[in-house]
Amino acid sequence: METTANRLETIRNRVDAAARLSGRDPADVVLIAVSKTFPAENVADALEAGCRIFGENRVQEAEAKWPPLRNVYDDVELHLIGPLQSNKAETAAATFDVIHSLDRPKLAETLARLRDMGTPPPRLFIQVNIGDEPQKSGVELQDAATFIQTCRDRLELPVVGLMCIPPAGEPPSPYFALLAKIARDEGLAGLSMGMSADFEMAIGLGATHIRLGEAVFGARG
Ligand SMILES: *Cc1c(COP(=O)(O)O)cnc(C)c1O
């Protein structure tokens, strides 16, 4: 039977190969094991296998799942990859080390206000609605540059990069390339892009953070 440890080893080999193929150092690609919907026992297997960087898409689920695990593994780094409501920003800032879904002025202003009141913001990726899809989260493409500058320069938030989820059912590479171009134009080093189905392509186009759920934990039930 395939175990989480086996799957992680396979992923690491694939990450190494994809990075080398594009002349990159595999150490520059951070694997985020997306544990949303998976119970603590699956997460424990990944921790046992050496994983320390995890992604969750809901604040409440992370709050319920992670404190006991973090009591045992105090070097875990937790990433929020799902949408964040402003009224949950304080809890999120306390729970997560990195937030990938900063996507609107109200949330940016809330994080800046919390910082001014003593809650340091996590490192932040700005999510870009890279396919200009009406239903999708993320700052609109046409507003991306202004929003990046507002967050980083006016509000002085710790923006480390950009994140995207390309439109479903289309080849993702043009979208990855576009996100990389916006990051380059704005002088941002981090690129959170690539999931289980397309992470090698994302690495080829510069991903620094790949977010893998099913590739690590197996199919969601
Ligand atoms: C669920 C999720 C992932 C991981 O998806 P897989 O297909 O399981 O790899 C990555 N990014 C985001 C934003 C997600 O919500």
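Here is a short chat between a visitor and a guide about this predicted model.

Visitor: Let's start with the rings. How many aromatic pairs does a search of the whole structure find?
Guide: The search covers the whole structure, and a pair counts if the ring centres lie within 6.5 Å. With that rule, the number of aromatic pairs found is two.

Visitor: Take the rings of Phe54 and Trp66: is that pair stacked, edge-to-face or tilted?
Guide: The two ring centres are 4.8 Å apart, and the planes meet at 50°. Stacked needs under 30 degrees and edge-to-face needs over 60, with the rest in between. An angle of 50° fits neither of those, so the pair of Phe54 and Trp66 is tilted.

Visitor: How many residues apart in sequence are the parts that this pair ties together?
Guide: Look at where each partner lives: Phe54 is in strand β2, residues 53-56, while Trp66 is in helix α3, residues 59-72. Both residues are buried, by the way. The pair therefore ties together parts whose separation in sequence is 12 residues.

Visitor: Staying in strand β2, is Glu56 buried or exposed?
Guide: Glu56 lies in strand β2. Its relative accessible area is 0%, and buried means under 20%. So Glu56 is buried.

Visitor: Which side chains make polar contacts with the side chain of Glu56?
Guide: One contact, at 2.7 Å, goes to the side chain of Ser35. Another, at 2.9 Å, joins Glu56 to a lysine side chain, that of Lys65. The names to remember are Ser35 and Lys65.

Visitor: Now the ligand. Where does the ligand sit?
Guide: Residues around the ligand include Val34, Ile81, Met163 and Leu212. Others are Ser196 and Gly213, among them too. As for the place itself, the ligand sits in the largest pocket.

Visitor: What is the distance from an oxygen atom of the ligand to a polar backbone atom of Glu214?
Guide: Let's go through the polar neighbours. An oxygen atom of the ligand is 2.8 Å from an N or O atom in the side chain of Lys36, and a nitrogen atom of the ligand is 2.9 Å from an N or O atom in the side chain of Arg211. With Glu214 the partner is a backbone atom, and the distance to the ligand oxygen is 2.9 Å.

Visitor: How much of the ligand's area does the protein bury?
Guide: Start with the ligand taken alone, which exposes 380 Å². Of that area, the share buried by the protein is 86%.

Visitor: What is the phi of Thr37, and what is the phi of Glu156?
Guide: Most residues other than glycine have a negative phi. Thr37, in the loop between β1 (30-34) and α2 (40-48), has a positive value even though it isn't glycine. Glu156, in the loop between α6 (144-154) and β7, also has a positive phi without being a glycine. The angles are near 70° for Thr37 and about 55° for Glu156.

Visitor: Is Glu156 buried or exposed?
Guide: The relative accessible area of Glu156 is 59%. The cut-off for exposed is over 50%. So Glu156 is exposed.

Visitor: Which side chain does Glu170 contact?
Guide: Glu170 is in the loop between β7 (159-163) and α7 (173-186). At 39% relative accessibility, Glu170 counts as partly exposed. Its side chain makes a polar contact of 2.6 Å, and the partner is the side chain of Tyr175.

Visitor: What separates the C-alpha atoms of Pro120 and Pro158?
Guide: Pro120 is in the loop between α5 (105-116) and β5 (123-129), and it is exposed, with a relative accessible area of 58%. Along the chain, Pro120 and Pro158 are 38 residues apart. In space, their C-alpha atoms are separated by 9.6 Å.

Visitor: Last one: which side chain is joined to that of His209 by a polar contact?
Guide: His209 is in strand β9, residues 209-212. With a relative accessible area of 14%, His209 is buried. The polar contact is 2.8 Å, and the partner of His209 is Thr208.

How values were computed. Residues numbered from 1 in each chain as written. Predicted model: local features only at pLDDT ≥ 70, side-chain atom pairs only at ≥ 80, totals over all residues. Heavy atoms only, no water. Phe/Tyr/Trp six-rings, centres within 6.5 Å; stacked < 30°, edge-to-face > 60°. Helix = DSSP H or I, 4+ residues; strand = E, 2+ residues; numbered from the N terminus. Buried < 20%, exposed > 50% of the residue type's maximum accessible area, 1.4 Å probe, protein only. Polar contact = N/O pair within 3.5 Å; in protein donor to acceptor, adjacent residues only side chain to side chain. Near = heavy atom within 4 Å. Areas by Shrake-Rupley, 256 points an atom, 1.4 Å probe, with all protein chains shown as cover. 1 Å grid on protein atoms, 1.4 Å probe; cavity = no way out; pocket = protein on both sides within 12 Å on 5 of 7 lines; lining within 4 Å. Sits in = over half its atoms within 2 Å of the grid points.
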